Amino acid sequence: MTFVLRMVGRELRASWRRLAFFFVCVAVGVSAIVALRSVIQQVGVAMAGETRALLAADVQIESEQPWSEAALAIVDGILGAEPELSRTLSIETPTMARPADESKVVARVVELRGVQAAFPFYGSFVLEDGRAYDHGLLAGGGALVRPELLTQLDVAVGDDILIGDRGFEIRGVVLREPGGGIGAFSFGPRVLIDYDDLLETGLLTLGTRAERQILVRVPEPRVDPLVASLREPLRDEFVRVRSYRNTEDRIARNLSRAEDYLSLIGFVVVVLGGIGVWSVTRVFVQQRVRSVAVLKCLGATSRQVLAVYVAQVAILGLGGALLGVALAAGGLASLPSSLTAQAAAVAGVEDLSYGVTGSAVVQGLGVGVLVSLLFALGPLLEMRSIKPLALIRWNLITVAARDWVQWTVVGALAAGLVALASWQAASWEAGLWVCGGFAAVAAVLHAVGRTLVRLVQPLGAGARFAVRHAVLNMGRPGNQTRVILLAVGLGSFFVIGIHAVQANLLGAFALEIREDSPDMFLIDVQQDQQAGVRELIEERTGDAPSLIPVLRARVTGVDGRRTQLDSARAVRRRGAGREFTVTYRDRLEANERVVEGAFWGPAGPARPEVSVEESIRDRLDLAMGDVLRFRVLGRDIRATVSSVRAVDWDDSRSGGFMFLFSPGVFDRAPHSFISFLRGPPETTARARLQRDLVAGFPNVSVIDGLEVIATVRRILDYVTLAITMVGGIAIVSGVLILVGSVAMTKYQRRYETAIFQTLGATRRSLVTMLVVEYGTLGVLAGAVGSIGALGLTWGLSRHLLDIEWNAAPLVNLGGMLLTALVVGSVGVAASLDVLRRKPLGTLRAE
Amino acid sequence: MIELRNVSKTVLSGNAPLTIVQPLDLTVSSGQYVSIVGPSGSGKSTLLGLIAGLDAPTTGEIVIDGVEISGLEEDALARLRGRKIGIVFQFFHLVPSLTAFENVLVPLEIAGAPHASDRAAALLSEVGLDDRAGHYPAQLSGGEQQRIAIARALANEPPILLADEPTGNLDSANGRHIVELLHRVNRSRGTTIVLVTHDSELASGTDVTLRMRDGRTERLAPAPLREVLA
């Protein structure tokens, strides 16, 4: 034992510099894991303290419909029985806002919220000018708005804006608001007004999307019982009840999921580092053959020798992991405060402290050490087959047969990686998928790399000395070609792949815009506004828009041959419980075709019929003749399923509907209209149309498709940036592996170079050799990534995103050249000092 | 002490079998100083490797101090070497990452010997290199390296010392030092020494000299007798 420990110390003393890069391989991935986990954990901690503020109440009761008498009776009954209770009302609705100044031709979708004086029960507003919030700011026609709205509408504090039929004075800019939730999808910037004012805007017409909330404050022990007693009777009234604690649970769940999945990114980087560790260890073992043989000659057993090197790897792995922790801590500490403030605002919390957390450190260290050991064990086991006879016979080649020990190690490596990935993702399934996916991608890239190396081999027969040797070097014993191709190739695969996918997605969007597809959407047009809206649009665009009647309906029962569901609750359990937007007409649109049953004729059927979309038929297992029960505007309607439609969702000119009713069913029922139209192409004309529509019909919302596309493009840019960063880390790992392998094989390279120099090779031809070798390696690595990326984009475009595939040749070519440049320069730069040595010194030392 | 019975070694050269050591019997008794001479490629080093348990014979048995070693596993052989056999190589084979002192210390540590440091220091002093203890092999001359290698080989006081061309890589002055050192070891410690060399002068001072040619051995007269004959 003493021997093993002492030898570990001596070996480390001698070779830590050579293995320094081993640290870095491990450190990069570990720092990613530690940093990601730490940040998310701290966000979690910060938010856990503020979940009441996220809801602004203890309990929230929420309905998308105007409160029904039945629902209000239930709520009043239960809340009335609580001795200590405060409540307040709130409404949230997406709508349009425009400046009162007629000269400013602009109108924007905003998220309007009306609140009463008691709001908020918890949390506090942060206003831009530092004033304290007071309901007086809203009362009597005041509004607080998000800063971005000021720029969008070109208005300032003190100006008036129009919402619906009313004017509001902007009295402040709100930076943070309680009850705003987090990360929720929003149509536009927040505008906060008084509850009673909102009711007077005339916005809440029929069919308006609005969430009506009753916010409740009760003593802490009453929170859960109150939620439980409200939830049950309100379920059939389509009223949602939740407490701040549900929000807390949901946030905790989402955060821990985010933490686990993001750490998988770190894990993939650690595995890349592991490949680096494997490659370093392999070369290291080759360089240690003589020392190991000597130790065996002196009486050391294989087990003792193995123990020395395994312990060394564990220590180096731990060192690397510690370095990773330090990098993560340093990185987090140096985050610019503007960024942390922004992140805090997104998370809806006051302040975020960024440092590494204990559990993240433990995870990072664990993964670092385990991955180092798992990957190093294979090459280290080869030490068992080093024979002390090698000291007498240099030409003795020990071919390590793959014995059961090595197979066991391979098995342990696979199982270990799956276990580690599963640990990181906190799910066996995810662990298996990640490892399987990684192995599949690595295998494909590896095969591509091998084929490419074989393809360039004929160049080795070329006449020029430098080119010939450069190519031959790539296939020499102990070469690092495969490892570098795999690691760098994987990195460039990620980066090129994601950029190509982005190019494809943007191309697909651009195509949709280029065609005559609609780029403007009108919602909430009322029956008496039809003629006016149609006239205005026709005047501005030259085309009469088609106004599609819509109602909102829920399925509350199915009376069918195969399916019998007798309540809304049962339907919900089958996954069809949401509120659907439905329409009626006497014909099929261009983007629809009947795949089962028969569509009613122009006259319409005598009894109400409904045509369902394919996925609904499958979900509810419907047959022709089944009867569906709907709740529409508080009334129950029964309709017979007479046909099933396939809808081409890409063609949005006529919209797409899950349920299409026969004419006559809703003729007399009040309903609103929506329209898909193609707006004027120039910006000012578009803005004017939007503005005039809203001015003439204040309750109508106009959504500009071009803005939606711009938003999608922005989101896509963020996603691309994030994945590019991950790919970038992978490339960094690849480059590190390259530097490491150059450093590890430097001794052999030095010797060869000295011999070449002795034989008359000039420095110029030696440099050419290096440039050709690493340049070719870089081109091949880029080609591996590029070919992989082509496969990835093809698969994603055709099978997942369902868009036209385009090879994105510029992205691929650019990526390939960049990879070649990076690998070429790094490889040559790392090798240059070999040329600086005098040949005699090198030859003497050998 | 060392007994070889019908020991031979055949390897595959390409696809054809090549016998490097023809079947031979040899007995070296305790305290004897035996040299094996012969031209390069005659099988000397292979024979030495077989005695050291570094390689397994194709036929025959090798008995070291009463233990038949040809059937032993790699680790058992390593332990046996640690206790009973010291080896000195032509190319010294010091561990480059260890200092001179540590190189001598290692076999003591492997064997778990008590007072290892004191013993290593004493050995360094015995080979006259106590002032070089902290130097790495690369900082030592060839002769110094070989003296360290001999000190290392003697660390566990093995009854047998095997030396493979120990002066083959040294100039004549340094070579002489090593020859004297080996003689001293043989005389003062009673260590059995088997020395492989192609230098007949070096072999001349040994008790018995074997000549190898094409894998066959031939016993020459013991040295003192030859001196008389000359």
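How many residue pairs are in polar contact across the interface of chain B and chain A? The exercises below use a predicted model.

**Exercise 1. Describe the interface of chain B and chain A.**

Solution.
1. Begin with the opening question: six residue pairs are in polar contact across this interface, with both residues at pLDDT 80 or more.
2. Find the elements on the side of chain B that touches chain A: those giving two or more residues are α1 (44–51), α2 (74–84) and α3 (100–111) of chain B.
3. Sort that side of chain B by class, which gives 14 nonpolar, seven polar and nine charged residues.
4. Count the residues in contact: 30 in chain B and 28 in chain A.
5. Turn to area. The size of an interface is often given as the accessible area lost when the parts come together. Here the two chains bury about 2500 Å² between them, and 61% of it lies on carbon and sulfur atoms.
6. Name the residues of chain B that lose the most area to chain A: His93(B), Glu109(B) and Ile110(B), which together make up 24% of what that side buries.

**Exercise 2. Find salt bridges between the chains and within chain A.**

Solution.
1. Recall the principle: side chains of opposite charge can pair when their charged atoms come close.
2. Search the whole structure, which yields 45 salt bridges over all chains.
3. Restrict the search to the interface of chain B and chain A, where five are found.
4. Check one pair between the chains. Arg10(A) and Glu102(B) have an N to O distance of 3.7 Å; the cut-off is 4 Å, so the pair counts as a salt bridge.
5. Check a pair inside chain A: the side chains of Glu92(A) and Arg190(A) meet at 3.1 Å, N to O. Glu92(A) lies in strand β2 (residues 86–99) and Arg190(A) in strand β8 (residues 190–194), so the pair, 98 residues apart, links distant parts of the chain.

**Exercise 3. Describe how helices α10 and α12 of chain A pack.**

Solution.
1. Give the geometry: α10 (residues 302–333) and α12 (residues 358–381) pack at an angle of about 145°, with their axes 8 Å apart.
2. State the hand of the crossing, which is right-handed.
3. List some of the residues that meet: α10(A) gives, among them, Leu306(A), Tyr309(A) and Gly317(A), while α12(A) gives residues including Val361(A), Gly364(A) and Leu380(A).
4. Sort the contact by class: 17 nonpolar, four polar and no charged residues.

**Exercise 4. Locate two backbone features, at Pro120(A) and Glu165(B).**

Solution.
1. Phe119(A) and Pro120(A) are joined by a cis peptide bond, with omega about -5°. Pro120(A) sits in the loop between β3 (108–115) and β4 (126–127) of chain A.
2. Glu165(B), a residue other than glycine, has a positive phi near 45°. Glu165(B) is in the loop between β7 (160–164) and α6 (172–189) of chain B.

Methods
Residues are numbered from 1 along each chain as its sequence is written. Chains are lettered from A and ligands numbered from 1 in the order in which they are written. This is a predicted model: local features need pLDDT of at least 70, side-chain atom pairs count only at pLDDT 80 or more; totals for chains, interfaces and linings use all residues. Side-chain values use heavy atoms; hydrogens and water are left out. Contact means heavy atoms within 4.5 Å. Buried area is the accessible area (1.4 Å probe) that two parts lose on being put together, summed over both. A polar contact is a pair of N or O atoms within 3.5 Å; within protein, one must be able to donate a hydrogen and the other to accept it, and residues adjacent in sequence count only if both atoms are side-chain atoms. Helices (H or I, at least four residues) and strands (E, at least two) are DSSP runs, numbered from the N terminus. Ala, Val, Leu, Ile, Met, Phe, Trp, Tyr, Cys and Pro count as nonpolar, Asp, Glu, Lys and Arg as charged, and the others, Gly among them, as polar. Axes are lines fitted to C-alpha atoms, for helices over the stretch in contact, and angles run from 0 to 180 degrees between N-to-C directions. A crossing is left-handed if the near helix is turned anticlockwise from the far one by less than a right angle, and right-handed if clockwise.
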